[in-house]
Amino acid sequence: MSNLRKFLLLLLLIFTFQLTAQNIYFGIGAGLSNGLAKESYLDFYNIEIIDEDNSLETTEPMSFGSGFNGHLKMGYRFHKDFDFVLEASRFAGGKSSYSKDRFVSDGSVLNERTDLYGNFWSISPSLLFSPLEGRFSPYFRIGPSLNFVKSYAATSHSGTSVDIEILEEYTGDMALGFLGNLGFNYILHENWEFFCELRFHSFSFEPSNGEIIEFRNSGQDELQSLEVAEKETVFKEKISDPNGEVGYTGPNDPLQRLSISQPFSNVQFVIGICFSL
């Protein structure tokens, strides 16, 4: 290619960038979320001792959707009423807890407490519709979400002669979700805008594997003492039943359990700022 052609191509690229850059903006925001969907989950219920002969069990439907969110987004305005927005977000989940108290043979009380929570990264391409122009402009945004989740169960057993702490991690495939936002932009100064959103994020996570990553007995690390069947779990639609032991196929194989669903659907309140080129 001749120098003239290279020069003309460079001018074309610069001109194209200048045209498109005028419609590009970047944003950062954060906010709190509240879980919407609540489901009964595994053996998630409370046991409260009434007296030596009676105890009270209560179910505890739960959600993984409450927590804190941080967001980064890039948008491109291809029409006066429509934007394409690509957003990456990080969710740090709050804990849902349950507790079980039981009498043991020596007459003392054994307490079992479990805290459940989850974190995820989310990527969402979406279409934004903003029908009004001006300093204050409401908008509606909708699109799919691709969610990469890790969830946890932190369990403690405490009593007169028992002090055990366990942390189990759940992993699985990407979870597909749906995101819908209602919000507004307010122009602060030239290229700077304030935005506020009410966001509805809907999805559930189905773990494929669980693994105990911490096991402490009276403060001592005893993770290596666990057999594979005690430490690892695989979740399946159907599980085997050898010798009447459902899900157990041997000490060196992961324990099999039926598939579970962890509800992460939530409503979020987010505020932030945008900068346009």
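Lys73 counts as buried because its relative accessibility is 9%, where buried means under 20% relative accessible area, exposed over 50% and partly exposed in between, with a 1.4 Å probe and protein chains only. This is a predicted model, so to speak of local features takes pLDDT of at least 70 and side-chain atom pairs count only at pLDDT 80 or more, while totals for chains, interfaces and linings use all residues. Numbering runs from 1 along each chain as its sequence is written, and side-chain values use heavy atoms, with hydrogens and water left out.

Back to that lysine. Lys73 sits in strand β4, residues 67-79; strands here are DSSP runs (E, at least two residues; helices are H or I, at least four), numbered from the N terminus. Leaving aside residues up to four places away in sequence, Lys73 touches Tyr25, Phe26, Gly27, Val85, Leu86, Glu87, Tyr139, Phe195, Glu197 and Cys274, a contact being heavy atoms within 4.5 Å.

Now for the strand pairings. Two strands pair if DSSP finds at least two bridges between them.

| Strand pair | Sense | Bridges | One bridge pair |
|---|---|---|---|
| β1 (residues 24-35) and β4 | antiparallel | 10 bridges | Ser33 and Gly67 |
| β4 and β5 (residues 82-93) | antiparallel | 12 bridges | Gly70 and Arg90 |
| β1 and β18 | antiparallel | 11 bridges | Phe26 and Phe275 |
| β11 and β18 | antiparallel | 10 bridges | His201 and Asn266 |

Between β4 and β5 there is a hairpin of two residues. Phe26 turns up twice: Lys73 touches Phe26, and Phe26 has Phe275 of β18 as its bridge partner.

What about the surface? Leu36, Phe129, Phe140, Ile142, Phe178, Leu182, Leu198, Phe200, Phe269 and Ile271 make up a nonpolar patch with about 890 Å² of accessible area together. Two or more of its residues come from each of β8 (136-158), β10 (175-189), β11 (192-202) and β18 (266-276). Patch residues have over 30% relative accessible area and no salt bridge, with nonpolar side chains (Val, Leu, Ile, Met, Phe, Trp, Tyr) joined within 5 Å and like charges within 9 Å. Areas come from the Shrake-Rupley method with a 1.4 Å probe, and for residues only the protein chains shown count as cover; a salt bridge is a Lys or Arg side-chain nitrogen within 4 Å of an Asp or Glu carboxyl oxygen. Phe200, in strand β11, counts as partly exposed because its relative accessibility is 39%.

On confidence, the chain's mean pLDDT is 83, and 80% of its residues reach 70 or more. Over residues 14-19 the pLDDT is below 50, and this stretch has zero contacts in the model beyond near neighbours in sequence. pLDDT is the predictor's confidence in each residue, from 0 to 100.
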